[in-house]
Amino acid sequence: MLPLDRRFFLAGAAGSLVAAKASAAGLRATDAAAAPVPVNPLVKQRADAQVFRHADGYYYLTGSVPEYDRLVLRRSRTLAGLATAEERVLWRHQASGPMSGFLWAPELHLFDDKWVMYFAAGPSGGGEDVFRIRTYAVVCDGPDPMTGSWSVLGKFESPFDGFNLDSTIFMHRGVRYFCWAEREPGIETNSNLYLAPMKTPLTLAAKAARLTVPTLDWEVRGFKVAEAPAVLARNGRLFLTYSASATDDRYCLGMLTARDDADIMDAKSWTKSPQPVFVSSDVTKVYGPGHNSFTVDEQGRDVLVYHGRDYKAIEGDPLFDPNRHTRVQRIYYREDGTPDFGIPVGNGLVPDRFSPADAPKQFVRHDGDRVLVGAGDIPSSQFRGVASMAGSGAVTLVPIDAPERVLFAAPDGSVRLAQPQRDRQFVLRSSFVREAVDRDTVRFVLAGRPGMVLSHADGGLRLVARPKRGAAPNTLFRVS
Ligand code: AHR
C-alpha cells in the first residue's frame, strides 16, 4: 500500500515534477516565471479599490481604509503581489477644516505627467456635517508616486457644489473625461452620475451631462444611489459600470453602454442594463460586490476589480463595517461583445475556464454532478484548482458554484462531480496535475498515473490513456 506522499507521487508522475511544483505554486510549468495566480480576497479591508497596470509595468492599488483617515498606495510587479506589497501612506486627513473627516475612494491618475490622487472628503465636525462630502485632489512632487511628497492641489469645482464623490477619469477619442457621482438639487436621490470633458485637473471644459438617476428597484434599495463609475472600452463600445443601492448585501453593479462613436455627452447615447450586472452570491458567499475598477492580468486578460464581504449580516451602519475586501476575477465576453461578469467567484485562487482544443468555443462545465462540454453560463464553467492531498503539485478541480464537489474520474473512465472523500483511491482519482503544454494550454494528468489523462469525449470528459503520439487535441485544454 503506497502512502499518499511525495515518494509515491514522484514514482508515478516523475514527468510532471516541474508541472507539479509550478502547479502547486499556482504557476504553469512553461510559465514558471509567470505571475502567480491571485487569491481572493486579494487585499483585506481595502474597499473601493482602484487597480491599474501602469506603463512602468507595475500594478498600483489604492482604496478606502476602514478608518477613512488616510490615502494609501501600494504597487507590485504582479497582480497577486498586491496582496503582500508594501503600502505607503501618501497623505492623512487634516486636523480641522473641510478635509479633516472621512477620506473616501481615492483614485490615482497621471495628469499631464503629474501624479494626481482624487478622493472625496468631508469635515470632522460631527453630526450630519461629516457628510458634507466634496471631491479634492492631492498632487505628487515627483515622478514616483510611492516616494514623492504629496500636497493638496485643490477642490473639484462641481456643478452643484453638493454631495459629490467617486470620481474617475478616462480618455476617449483624445479627450479626457471626468465622471463622478453627485446629488443634484431637485432630484430626490443620494447621487446620480455626471460626465464632462476636463479643462484642468479640477475644472471642467463643458457643462456636465447627467447620465443616470437611480430609479430601478435594484438601484434604490436602502438608498437611491448611482456612484463609483468605472469605464471599460472594448468591442466598439464604452461599458460604464456603477454601483447602486445601500452598501450592504444589496449593493450591486449596474451598467450603461454607449457606442464608441456616439456623442457620449448626450445621455441618450447611453443604454442602461435593465438588470444589475453583478450581485451578491449566497453560493460563493460574497456580498455587496461593487465599487469596481478594471485592469488586465499579466497575460493581458481583462480583470474586474471590486470589493465584497464574505458575510451577509452586518451589525450597525455598513459604512463602518471594515470588511469590504478587494477582489479580482477575469472578465468574459458574450458573442455580441458585451461583458458577462458572472457571479463573484468567492474566496480562494482565481478560477479558470477550460476549452477543449477540439472544441475551442465550448467549455468544460457542470450540470449538477454531470460534467459536460458545451456552452452555458459562466459560473458553471469556472473551476478552482485546490492543492490535493495526493502530493505536491496535484490539484482537485472545484466548481466555484458547487464548492462542496470535486471533479472525479471513476474506474470505468467516466468523469463527474462527486462529494470529496478521504479514501485514498478517491483522492487519487480526483487529483490532477496541470501539465503545461504552452502558456494557455494544459493537459490534465491523473495524479500518480502519468499515462492517464482527461479527454473531451461524447459531450463530456473521460479518463483515457495518454496518446502515444501526436497532439490529440481532445486531450488539450485551453485556459481562459
Ligand atoms: O467607501 C466609502 C464610500 O462608500 C465610497 O465613496 C462609496 O462608493 C461607497 O458608497
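These notes go through a predicted model, from the ligand site to the aromatic contacts and then the backbone.

1. **Ligand shell.** Twelve names make up the surroundings of the ligand: Asp-48, Ser-64, Trp-104, Ala-105, Leu-165, Asp-166, Glu-227, Thr-247, Tyr-251, His-291, Leu-319 and Arg-324. Sorted by class, five are nonpolar, three are polar and four are charged. Two strands each give at least two residues to this shell: β6, spanning 103–111, and β10, spanning 164–172.

2. **Polar contacts to the ligand.** Three side chains deserve a look here. Glu-227 places a polar side-chain atom 2.4 Å from a ligand oxygen. For Arg-324, the distance from a polar side-chain atom to an oxygen of the ligand is 2.8 Å. For Tyr-251, the corresponding value is 3.5 Å. On its own the ligand has 280 Å² of accessible area, and the protein covers 96% of that.

3. **Arg-324.** Is this ligand-shell residue buried or exposed? Arg-324 is buried, because its relative accessible area is 6% and the cut-off for buried is under 20%. Arg-324 sits in a loop, with β20 (302–309) on one side and β21 (325–330) on the other. Ser-64 is 260 residues away from Arg-324 in sequence, yet their C-alpha atoms are 9.4 Å apart. Both Arg-324 and Ser-64 belong to the residues around the ligand.

4. **Tyr-118 and Phe-178.** The model has 27 aromatic pairs. One of them joins Tyr-118 and Phe-178, with ring centres 5.6 Å apart and planes at 55°. Why is this pair called tilted? The angle of 55° lies between the limits of 30 degrees for stacked and 60 for edge-to-face, so the pair falls in the remaining class. The two rings come from distant parts of the chain, 60 residues apart. Tyr-118 belongs to strand β7 (residues 114–121), and Phe-178 to strand β11 (residues 175–182).

5. **Burial of that pair.** Tyr-118 has 1% relative accessibility and therefore counts as buried. Phe-178 is also buried, because its value is 0%. Both rings are members of one aromatic cluster, along with Phe-156, Phe-160, Trp-180 and Tyr-194.

6. **Arginine over tyrosine.** Two such arrangements can be checked by eye. Arg-75 has its charged end over the ring of Tyr-58, at 4.8 Å from the ring centre. Arg-353 has its charged end over the ring of Tyr-332, and here the distance to the centre is 4.6 Å.

7. **Cis peptide.** Which two residues does the cis peptide bond with omega of about -5° join? The bond runs between Asn-40 and Pro-41. Pro-41 lies in the loop from β1 (39–40) to β2 (47–53). Most peptide bonds are trans, so a cis bond is worth a check.

8. **Positive phi.** Most residues other than glycine have a negative phi. Asp-113 is not a glycine, yet its phi is positive, at about 70°. Asp-113 falls in the loop between β6 and β7. Its relative accessibility is 71%, so Asp-113 counts as exposed. Asp-458 also has a positive phi, near 50°. Asp-458 is placed in the loop between β34 (449–457) and β35 (460–465). Asp-458 is exposed, because its relative accessible area is 77% and the cut-off for exposed is over 50%.

9. **Ser-430.** The loop between α3 (424–429) and β32 (432–438) holds Ser-430. What does the side chain of Ser-430 reach? Its partner is the backbone oxygen of Phe-426, at 2.8 Å. Ser-430 has a relative accessible area of 3%, so this residue is buried.

10. **Gly-148.** Gly-148 is found in the loop between β8 (134–140) and β9 (150–155). Its relative accessible area is 6%, which means that Gly-148 is buried. Trp-115 lies 33 residues from Gly-148 along the chain, and the C-alpha separation of the two is 9.5 Å.

Note on methods:
Residues numbered from 1 in each chain as written. Predicted model: local features only at pLDDT ≥ 70, side-chain atom pairs only at ≥ 80, totals over all residues. Heavy atoms only, no water. Near = heavy atom within 4 Å. Polar contact = N/O pair within 3.5 Å; in protein donor to acceptor, adjacent residues only side chain to side chain. Areas by Shrake-Rupley, 256 points an atom, 1.4 Å probe, with all protein chains shown as cover. Helix = DSSP H or I, 4+ residues; strand = E, 2+ residues; numbered from the N terminus. Nonpolar A, V, L, I, M, F, W, Y, C, P; charged D, E, K, R; others polar. Phe/Tyr/Trp six-rings, centres within 6.5 Å; stacked < 30°, edge-to-face > 60°. Buried < 20%, exposed > 50% of the residue type's maximum accessible area, 1.4 Å probe, protein only. Lys NZ or Arg CZ within 6 Å of the ring centre and 35° of its normal.
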